[in-house]
Amino acid sequence: MSEMILPELVDLDLSAESKEGAARALAERMVELGRVTDLDGFLADVAAREAQMPTGLEGGIGIPHCRSTHVTTPTLAFGRSPSGIDFGAPDGPADLIFLIAAPAGADDAHLSILSTLARRLMRPDFVATLRAAATPEEAAALVAGEPESPAPPAPTPAPPAFEERGSGGGAPEGAGRSPVSGRGGVGESLAGQPFRVVAVTSCPTGIAHTYMAAESLQQAAAEAGIDLQVETQGSAGFTKLTPETIAAADAAVFAHDVPVRDRARFAGKPTVDVGVKAGINRPAELLQEARDKAARGETTTAPTPVEEAGEEQDGYGAKLRTWLMSGVSYMVPFVAAGGLLIALAFAIGGYEINNAPSVAEHFVWTEAASWAALLFQTGGLAFGFLVPVLAGYIAYGMADRPGLVPGFVGGAVALTIDAGFLGGLIAGLIAGGTVLAVQKLKIPTALRGIMPVVVLPLIGSAVTAFLMFLVVGKPVASLQRALTDWLAGLSGANAIILGVILGLMMCFDLGGPLNKVAYAFAIGGLATPNEGSLKVMAAVMAAGMVPPLAMALATTVRGRLFSKTERENGKAAWFLGASFISEGAIPFAAADPLRVIPASMVGGAVTGALSMAFECTLRAPHGGIFVIPLIGNPLLYLIAIAAGTATSAGLVILLKGMRKQAAPAEATPPPEPAKVTVAA
């Protein structure tokens, strides 16, 4: 640790007034020592981490941190603010600020040392001593662990005793045990044994909050007499809790902001599921909640992949978006495979290939038309799965594997009654909701073993099919037909307005939920193609190509406005943009979102509008410039992409140039505020 923090990296009178200013002031010290190579690039990485979750902690601590390619050596800078700086903590500003910089490839040893500091910050005596430090040398020595602060109370003894007890302890099989934990009364361990909890802590970076939450939970458990074992899933690697330890636990606590790895290990345990900061700020409350859930006999089923990334406190809107995106993400490979096969079939055999006989009955090895028919019919089969897969995996995201069968059945019904893409969305939600509702019912013990395999799929499929065939299916089918007819009839100003809207959506979050909604809207139309839906697909792909192409052009034309790393990313962005991978612009947006995102949206809107105005069409759902031969009016299509790219590049150059001109003035504060500060 002494190599990570030096007196030169300590500022005991940090004058910054914002978290951005504090990070910059401390990062400048790292740059002076050669530990950070690109100040702006590093600060962009810090800001991106801060955007994921505020790094302020209760007790006046701010701990901004990130892993960055601009860091050469694991480094820790410390600042003490007389007035306090808002880092998003619920109890107010932070006066102790730690900026942790880890290289992108930092080794486990360095990250383990940083995790030690994170744990020490949970000790009031260490924090008080640090606030009283008189010199940078003294503060650096304290942070480095020289001299050592008094050790915290030792946590409850480690795993051996925990594991050796097993799930049955020494009691006879089945004697006086609760159905929840398999031990002595409900919510209690065997006589004379403490309540046993397993916990998992994790945060997006895995450097600080992961270990702070673990330390906080361990201290609270020691005070409450609870036997706690923690698995810290941080960047420094982690050792899994053993199956015996998990089996012997009465409850589980998850304090995490990234998915818990192998969460299915904890199925059947009463579980408290919260964000990592809750583990830091209210550990005693979480442990008590775990005890209460065990006493009530609550258990959990194995989580779905989508649920693993969510939090209990997520609102319904956030959960709904996650469920829908689950269905779309599983559907996209079918779209890509089926759509490209169909597009290639048209390229080889022309549009009349649609009327070719089945290749199972007629196939001539030497005829191009037969091969085109094979591609077309194979792609059509893949496309036939779009709506059932969409519905099935929406239900899967909601209710795990028991939701798959009802979801697929509901999607198939949607196809049968011509409810299309919208019908698939609704069928998936109905199927998942039905299975979740049945799971909440109290089921006799004798039936629990067949619930996931027989009962849930049976009831879920019957209810979903009934509702889709007889209640909601027909109105949705009518709406789908109306939407299809509307798209087919779009022309003139209406088509251009739709192109603008789709272009804005594609470029707003660069592969995020809004981008996916626009893309899903376009590929949904490919399931029942007509002139209007093919125009929509063309506009969406063209707009999605603009952001990375624009950033590549901007870094080529005015490279001095960008960091060295951004210029390197710009070279790759040419290919990513040409391949219709909007995410190629994310590094630029993360570094400067207020300039890059608006500029990208304007260019995307221009391209979407022009594509619609030029009446370009596209049958392939992906491929970028590599499917140009499959595009209607290809020359005008390229002109639309070029116009949007030039617009976005010009705007981002203009906005970044204005920032550079304003930078010198911002660097020198006006004299009047300086006098007021001194007087204060």
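In the predicted model, four strands assemble into an open sheet with the order β8-β7-β9-β10, and the pairing is parallel. The edges are occupied by β8 (227–232) and β10 (271–274). Each of these edge strands has a single partner strand, so one side of each is left without a neighbour in the sheet. From one strand to the next, the twist averages 15°.

The pairing of strand β7 (residues 196–202) with β8 is in the parallel sense and extends over 6 bridges. Within this pair, R196 stands opposite D227 in β8. Helix α7 (residues 209–224) packs on the sheet, where it touches β7 and β8. The direction of α7 makes an angle of about 175° with that of β8.

A further helix, α10 (residues 283–296), lies across β7, β9 (251–256) and β10. Relative to β10, helix α10 runs at about 145°. Strand β7 is thus touched by α7 and is also among the strands across which α10 lies.

Helix α13 comprises 14 residues (residues 386–399). At 1.5 Å a residue, a helix of this length should span 20 Å, and the end C-alpha atoms of α13 are 20 Å apart; the expected and computed values therefore agree. Helix α13 is mostly covered, as 13 of its 14 residues are buried, with burial defined as under 20% relative accessible area. The residue that follows α13 is D400, for which phi is positive, near 65°.

Methods. Residues are numbered from 1 along each chain as its sequence is written. This is a predicted model: local features need pLDDT of at least 70, side-chain atom pairs count only at pLDDT 80 or more; totals for chains, interfaces and linings use all residues. Side-chain values use heavy atoms; hydrogens and water are left out. Helices (H or I, at least four residues) and strands (E, at least two) are DSSP runs, numbered from the N terminus. The expected span of a helix is 1.5 Å times one less than its number of residues. Buried means under 20% relative accessible area, exposed over 50%, partly exposed in between (1.4 Å probe, protein chains only). Two strands pair if DSSP finds at least two bridges between them. Axes are lines fitted to C-alpha atoms, for helices over the stretch in contact, and angles run from 0 to 180 degrees between N-to-C directions. Contact means heavy atoms within 4.5 Å.
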